[in-house]
Amino acid sequence: MAAGRMAGRLALLAAAAIPAAAADHSEREYAIKAAFLYHFAEYVTWLPGAPKGADGALTIGVLGPDPFGATLDEVAATRSAADRKVAVRRFGAIEGMEPCHILFVSASEVERLGTLLRRAAESGALLVADVRGAAGQGAHINFFIENNKVRFEINPAAARRAGLKISSKLLRLARIVEPPSGGQ
Amino acid sequence: MAGPLIFAFCLLAAPQATAAEPAKKGSLASEFARMSLDQLMNVEVDTVYAASRHKQKLADAPAYVTIVTAEDIRRFGYRTLADILRSVPGFYTTYDRNYHHLGIRGFNRPGDYDTRVLLLVDGHRLNDNIYDCPPIGTQGIVDAGIIERVEVIRGPGSALYGSNALLGVINVVTRRGRAIGGAELAAEAASFGSYRGRLTFGQAFADNCEIFFSASAYDSAGPRRLYYKEYDDPATNRGIARSCDDDRYGNLFATLSFGEFTLQAAYVSREKGIPTGAFDTRFNDPRTRTVDARGYLDLKWQHDLSDHTNLMARLYYDYSGYRGSYAYDDGPGVLMTKESSRDQWWGAELVFTHTFGSPLPATGAPPLGPHRLTWGVEYRDNFQQDLHGRHTEVYLHTHNRSRIWAAFIQDEVRILHNLALVAGVRHDHYSTFGGSTNPRLSLIWQPFEATTLKALYGRAFRAPNAYEMYYNDDGATQKGNPDLKPETIDTAELVLEQRLSEHLRLTAAAFAYRMKDIITLEEDPSDGLMVFQNGRRARAKGLEAELAGAWPCGLRARASYSLARAEDGETGQRLVNSPTHLAKLNVSVPVVRDKLFASLELQYTSRRDTLAGRHAGAFWLANFTLHGRDLLKGLDASLGVYNLFDRRYRDPGSREHRQDAIEQDGRTFRLQIIKRF
């Protein structure tokens, strides 16, 4: 029952497309985060044959309301012109999701985030969030702001479970989130 | 030294790197996209909370905002909030060897206890409820080492915060437990036998629980010898105050976050010797001193009611106490006068934020775009406002209580794609004098991506405080005035923010202030007693320009100039302690990348008039700090030299001082070591 309601609510969210959310957030902050998303790909090794992008493109997906506005597309356009082709996909609900390398899971409610992350983990994508506590709930990488700069935390155990290998350079830059007691 | 080379490199390399790329030139996102991961780690987000009571980028804030970060504090060796604030363009401080006073845009009348600035710590109001004084010197409640950032919002803030927010709102954001991730031990030694220690502990437990705790202690013997020519007489030790300038404090600060709840507790107590013979006390008597204590408990609940609505609820209890001991000559003996105040209050506030409305379509002319509505209510019960004074007998003994309720609303709406309107109003009702309504209106226009223009109008007020209304010394020199009304300010300001490159920003502002009913201590001709009255008016106008940059190589620089002409509304005379020109230069250069930083700060203050109609001369002040990071594992060290060139300068004195201007410290040093565990 609860899962059904959740899916319904997600679909509703997708239909409304939440324009206000994009306007609320700092454009500068999300432009920085969009650039980070691209860089994460350089430091992560996916399972062979897990997500597939067309002609070797790096696929970045956004699940739920998109806080990036146009910034993510601009990053994709800039990097596509310079070196690697980057494709951006947006998904309203988890049901219609296509495979991607990096999935940014946006959510304003922490409770719903946990459910989303658990279901998204099966897709084999690197899951990125920017909600306080998300790394403890299954996000592989979670953004936060510290000292007026964008920082991120990594949950290596969750990434390992998803078959992702994160390079030590990225781990050094991150704050490491240990799994909560009981989690292996 | 590699510093200047890196400086030149940063200046040259930044524009060239972007010019070489053809795609989407000028777009913020594409500039970030071309950066390396290490460069991205150093880009500043530039958001501010206190300008609108929610997080927004600086360009969207309806004010000229300056942010001082923990990084600035470390690199420039700031010791107190007063050090931090005097680095802010348009700001200056005055020290009377007991309290630091803050001047903003030409306003800092001697004897006013900084009542026209609102100070917040993590959104919690810090001005006390008797003197309305925001503690910024060594009596400050937050140790400089636990500050994450200081948001300085110029202009009127009464439309959001009520009383005191006339010239500006300063929000001190403290560090988070998660960011400490262990323990930190700081030890420092400084000139005049000054020592300070700090122990900080912070940790995140599970993902929704975080704890932060910090305690500091400071002890300064002070200069062994201070000379004041005004007292140069054999009867007053030839003007020499010996060991009368001691300063010591202890403070505790703790934050506990659990899910949506945050509980914060803070306490500070400071004891300071007064070496200036203020209030006609016996000169060179170390028994003349004050003790100031301040504490609070603050419980905050942040809850998302839906995707579009969130709620912040706050419940708090505050304590503030002051004890002054003043030694007076009494024939052959000494008479000790004791004065004290004790105030306690509790309060609660609810703030809702809603976002609604659809975005502006690409074409067509819709009436309005998305809104962000912030509204709230507040209640404060000043259940204790006591003043007490005694020499041989009690001469002052008042108990008062006052209550305040308030409601405010602010709407931010996008009228066009590049034009936003911010309109807000707040009504405060005081059990003492009645009501005050204060609006604020701002238009924020972004004609080009890198350019923002802000047109701001606002009104703010300051309620008469318990000291002004009730202080009296039983008919000796001063009496109370319970009929005081609030003073108000009307302000108009234009701000231009121009991004010159990804790393360099220009801000310029022009402002006009008009203040009326200013609460001023004046003589009542009927009985010759001093009494606070609403008589005075004042006006100020001025210009400010600031060029600030932070480069990925670690170089940070800021240069600013402020012109302010603040004068009496009736006589047109320049206000006392109001410098016309302020100029500041801050440059921090990485000598060894990410390891060692050399930072130079230059501050110019032009001539200031004094109460006696003379002046305190113009001066340049230079401070230099060498800061080393991770020199050994988890070990930082910094050496600061303040007033590097040992310049002699004076700050205007107040009515209680025989000194028309008070000599300030010459060259001093501070060595600080921080070890993280």
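The expected span of a helix is 1.5 Å times one less than its number of residues. That rule opens the first exercise on this predicted model.

**Exercise 1. Compare the span of helix H4 of chain A with the expected value, then list its buried residues.**

Step 1. H4 covers residues 71–82 of chain A, twelve residues.
Step 2. At 1.5 Å a residue, 16 Å is expected.
Step 3. From first C-alpha to last, H4 reaches 17 Å, close to that value.
Step 4. Now burial. A residue counts as buried if 20 or more other C-beta atoms lie within 10 Å of its own. In H4(A), A:Thr71, A:Leu72, A:Glu74, A:Val75, A:Ala76, A:Thr78 and A:Arg79 pass.
Step 5. An α-helix has 3.6 residues a turn, so residues three or four places apart point the same way.

**Exercise 2. Lay out the seven-stranded open sheet of chain A.**

Step 1. Chain A holds seven helices and nine strands.
Step 2. The sheet runs in the order S3-S2-S4-S5-S6-S7-S9, with mixed pairing.
Step 3. Its edges are S3 (86–91) and S9 (175–176), each paired on one side only.
Step 4. Take the S3 edge. S2 (residues 58–63) runs parallel to S3(A), joined by six bridges.
Step 5. Fix the register: A:Val62 stands opposite A:Arg90 in S3(A).

**Exercise 3. Assign the two faces of strand S12 in chain B, then place the strand between its partners.**

Step 1. In a regular strand the side chains alternate between the two faces of the sheet.
Step 2. S12 spans residues 209–220. On one face, B:Glu210, B:Phe212, B:Ser214, B:Ser216, B:Tyr218 and B:Ser220 are buried.
Step 3. B:Cys209, B:Ile211, B:Phe213, B:Ala215, B:Ala217 and B:Asp219 point to the other face and are not buried.
Step 4. S11 (residues 194–205) pairs antiparallel with S12(B) over twelve bridges. Here B:Gly197 stands opposite B:Ala217.
Step 5. S15 (residues 247–258) is also antiparallel to S12(B), again through twelve bridges. Here B:Ser214 stands opposite B:Phe253.

**Exercise 4. Find the residues that touch the most other members of the largest nonpolar core.**

Step 1. This core has 92 residues.
Step 2. B:Val65, B:Leu120 and B:Val172 touch the most other members.
Step 3. By element, strand S27 (residues 504–523) of chain B gives the largest share, six residues.
Step 4. Expand B:Val172. Beyond four places in sequence, B:Val172 contacts B:Leu81, B:Leu120, B:Val121, B:Val142, B:Ile147 and B:Val150.
Step 5. Another core, of 55 residues, lies apart from the one around B:Val172. Its members include A:Ile102, A:Leu117, A:Val128 and B:Ala29.

**Exercise 5. Judge how compact chain B is, and how far to trust its coordinates.**

Step 1. Count elements: eight helices and 38 strands.
Step 2. The radius of gyration is 25 Å, and the globule rule gives 26 Å for 677 residues, so chain B is as compact as a globular protein of that length.
Step 3. Along the principal axes, the C-alpha atoms fill a box of roughly 85 × 60 × 55 Å.
Step 4. Buried residues make up 47% of chain B. Among contacts at least 6 apart in sequence, 61% join residues at least 24 apart.
Step 5. Confidence: chain B averages a pLDDT of 91, and 94% of its residues score at least 70.
Step 6. Residues 1–26 of chain B stay under 50, with 33 contacts beyond four places in sequence. Where pLDDT is low, the predicted coordinates should not be read in detail.
Step 7. For the complex, the predictor gives an ipTM of 0.80 and a pTM of 0.81.

Notes
Residues numbered from 1 in each chain as written. Chains lettered and ligands numbered in written order. Predicted model: local features only at pLDDT ≥ 70, side-chain atom pairs only at ≥ 80, totals over all residues. Helix = DSSP H or I, 4+ residues; strand = E, 2+ residues; numbered from the N terminus. Buried ≥ 20, exposed ≤ 12 C-beta atoms within 10 Å, placed from the backbone. Core = buried A, V, L, I, M, F, W, Y, C linked by C-beta atoms within 7 Å. Contact = placed C-beta atoms within 7 Å. pLDDT = per-residue confidence, 0-100. Rg over C-alpha atoms; globule rule 2.2 N^0.38 Å. Pairing = 2+ DSSP bridges.
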